[in-house]
Amino acid sequence: MQRHSIPFDSFSILFTLKSCTHLHNLPLINHLHAHLLKLGFNSHVYVATSLLHAYVVASFRDACDLFDEMPGRNTVTWNTMITGYSKSGDVEKAWGVFDRMPLRDVASWSAMIACYVNNGHWGNGLTLFHEMLVVEQLKPDQVTLGSVLVGCAHMGSIGLLLGKSIHGFIAKNGWVLNVELGTVLVDMYAKCGFLKNASRVFDMMQDRNVKSWTVIICGSAQHGYGKEALSMFEMMKEVGVRPNELTFTGVLSACAQAGLVEDGRKYFRMIEEYGLAPTIQHYGCVVDMFGKAGLLGEAYEVIKTMRLEPNVFVWCSFLSACKVHKKFEMFERVVDRVMEMVKPENDGGVYTLVSDLYVLSNKWDDAERVRKLMVNQNVRKARGSSFIRSGAG
DNA sequence: TTAGGGTTAG
């Protein structure tokens with residue numbers, strides 16, 4: 001790619017642009033944009049692409065307008081737009097950009113793979129990676145492999161197989177396990193159930209940030225190592241890493257899993273001590289923790305007083321606890337409210353739970369009524385999927 | 001060697 005020197009006078013503007021990009025400071029970007037126009041540097045592709053990137057982060061609609069008006073574009077410009085569409089969740093438009101750009105480099109492929117993976121199209125991401133290697137014969141770098149590993153983490157045994165070979169490739173080539181690559185590798189092993197490998201990689205990492213600690217805490221909690229998850233959390237604080245909302249989700253699910261109610265209370269209070277607001281996931285974990293421990297009264301108190309509207313997951317935790325601990329009075333106290341909020345598309349097993357609870361409390365008519373609702377819903381779902389299969393009529 | 005592509009959620 002031909003390199004052009006940057007107009008000297010635009011250096012300070014570019015520097016300011018870079019520092020305000022991550023602040024999402026749109027008024028300042030607009031101001032710098034006007035300044036660049038006045039100086040006539042907007043036609044310089046390097047400068048214009050820097051501006052485009054700032055808009056992609058702060059306001060994607062403005063980025064699209066700028067992209068349409070740009071007199072010159074290069075591979076970096078096109079790659080920036082792939083990321084823009086990716087972040088706004090528009091996979092098709094991102095593909096459109098990838099498909100029609102004149103030249104693609106490793107970053108273009110990485111951006112498109114990341115777009116698939118970060119929007120839940122994991123299989124497409126892995127297929128594109130395969131095409132990049134086999135058809136294009138391109139050598140991936142750390143960024144590419146990072147995105148591929150995110151896809152692997154969600155693809156079960158196939159993902160694990162590819163993930164392991166990527167790990168082997170990284171080791172064989174003597175690549176440094178930087179914080180991003182290390183984190184996704186730990187997460188991949190943890191999600192695929194290989195917690196020992198996850199811990200081994202985590203121990204090898206030279207730099208760890210809050211995301212690295214969070215994946216190992218969540219992984220430990222998920223696989224039944226609640227106490228270990230909590231000691232990891234304490235270690236994380238000791239080395240001066242600040243937890244975020246997701247870290248607390250891992251910590252609270254560890255408490256729920258291991259039945260550590262007193263720790264759970266303490267860590268729930270700690271969320272606000274760190275200047276964070278409890279999320280619906282935090283409330284869900286606490287309800288689950290009290291429910292599993294048989295403290296249904298406390299679980300109900302949390303639901304009654306929580307600052308957010310309880311969702312279907314929160315209610316499912318509560319109903320499961322009612323079922324396990326045979327607290328049918330509690331169940332009857334809440335059931336009408338639960339049934340009111342359940343919509344067919346977010347049932348999440350609520351109907352089954354409610355029907356079971358009616359059977360267990362000898363309310364056969366009610367159980368039958370809910371069972372009918374469930375059957376009707378399944379019929380609707382089946383009709384919906386056959387409609388899609390038949391090509392929408 | 002400058003502007004772009006990467007990490008955590010029940």
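This report walks through a predicted model of chain A, from its overall make-up to one pocket and one helix pair.

**Overall picture**

Chain A is a helices-and-no-strands affair: its secondary structure comes to 22 helices and zero strands. Measured out along the principal axes, the C-alpha trace spans about 80 × 60 × 45 Å. Of the 393 residues, 45% are buried. If you look at contacts with a separation of 6 or more, 59% of them link residues 24 or more positions apart.

**The largest pocket**

If you're after a cavity-like site to look at, the largest pocket has a volume of about 1,300 Å³. Its lining takes in 45 residues, and those nearest the centre are Val150, Thr183, Val184, Asp187 and Lys211. Seven helices are listed as giving two or more residues to that lining, among them α5 (75–87), α9 (142–153) and α17 (280–292). The largest share, nine residues, comes from α11. Here's how the lining splits by class:

| Class of lining residue | Count |
|---|---|
| Nonpolar | 17 residues |
| Polar | 22 residues |
| Charged | six residues |

**Helices α20 and α21**

Further along the chain, α20 (residues 328–341) packs on α21 (residues 350–360) at an angle of about 145°, with the axes 11 Å apart. The crossing is left-handed. On the α20 side, the contact is made by Phe328, Phe331, Val335, Val338 and Met339, and they meet Val350, Tyr351, Val354, Leu357, Tyr358 and Leu360 of α21. By class, that contact has 11 nonpolar residues, with no polar and no charged ones.

Several α21 residues are buried, including Val350, Tyr351, Leu353, Val354 and Ser355. An α-helix has 3.6 residues a turn, so residues three or four places apart point the same way. Val350, Val354, Leu357 and Tyr358 are among the α21 residues that meet α20. After α21 comes Asn362, with a positive phi near 60°.

**A closer look at Leu357**

Leu357 sits in α21. Is Leu357 buried or exposed? Leu357 counts as buried because its relative accessibility is 0%. Leaving aside residues up to four places away in sequence, Leu357 touches Leu319, Cys322, Lys323, Phe328 and Phe331. Phe328 and Phe331 belong to α20's side of the helix contact. As for Thr249, its C-alpha atom is separated from that of Leu357 by 28 Å, and the two residues are 108 apart along the chain.

Definitions and conventions:
Residues are numbered from 1 along each chain as its sequence is written. Chains are lettered from A and ligands numbered from 1 in the order in which they are written. This is a predicted model: local features need pLDDT of at least 70, side-chain atom pairs count only at pLDDT 80 or more; totals for chains, interfaces and linings use all residues. Side-chain values use heavy atoms; hydrogens and water are left out. Axes are lines fitted to C-alpha atoms, for helices over the stretch in contact, and angles run from 0 to 180 degrees between N-to-C directions. Helices (H or I, at least four residues) and strands (E, at least two) are DSSP runs, numbered from the N terminus. A crossing is left-handed if the near helix is turned anticlockwise from the far one by less than a right angle, and right-handed if clockwise. Contact means heavy atoms within 4.5 Å. Ala, Val, Leu, Ile, Met, Phe, Trp, Tyr, Cys and Pro count as nonpolar, Asp, Glu, Lys and Arg as charged, and the others, Gly among them, as polar. Buried means under 20% relative accessible area, exposed over 50%, partly exposed in between (1.4 Å probe, protein chains only). On a 1 Å grid over the protein atoms alone, a cavity is a set of points where a 1.4 Å probe fits but cannot get out, and a pocket is an open set with protein on both sides within 12 Å along at least five of seven lines; lining residues have an atom within 4 Å of a point. Grid points are joined across faces, edges and corners, and a volume is the space filled by probe spheres set on the points.
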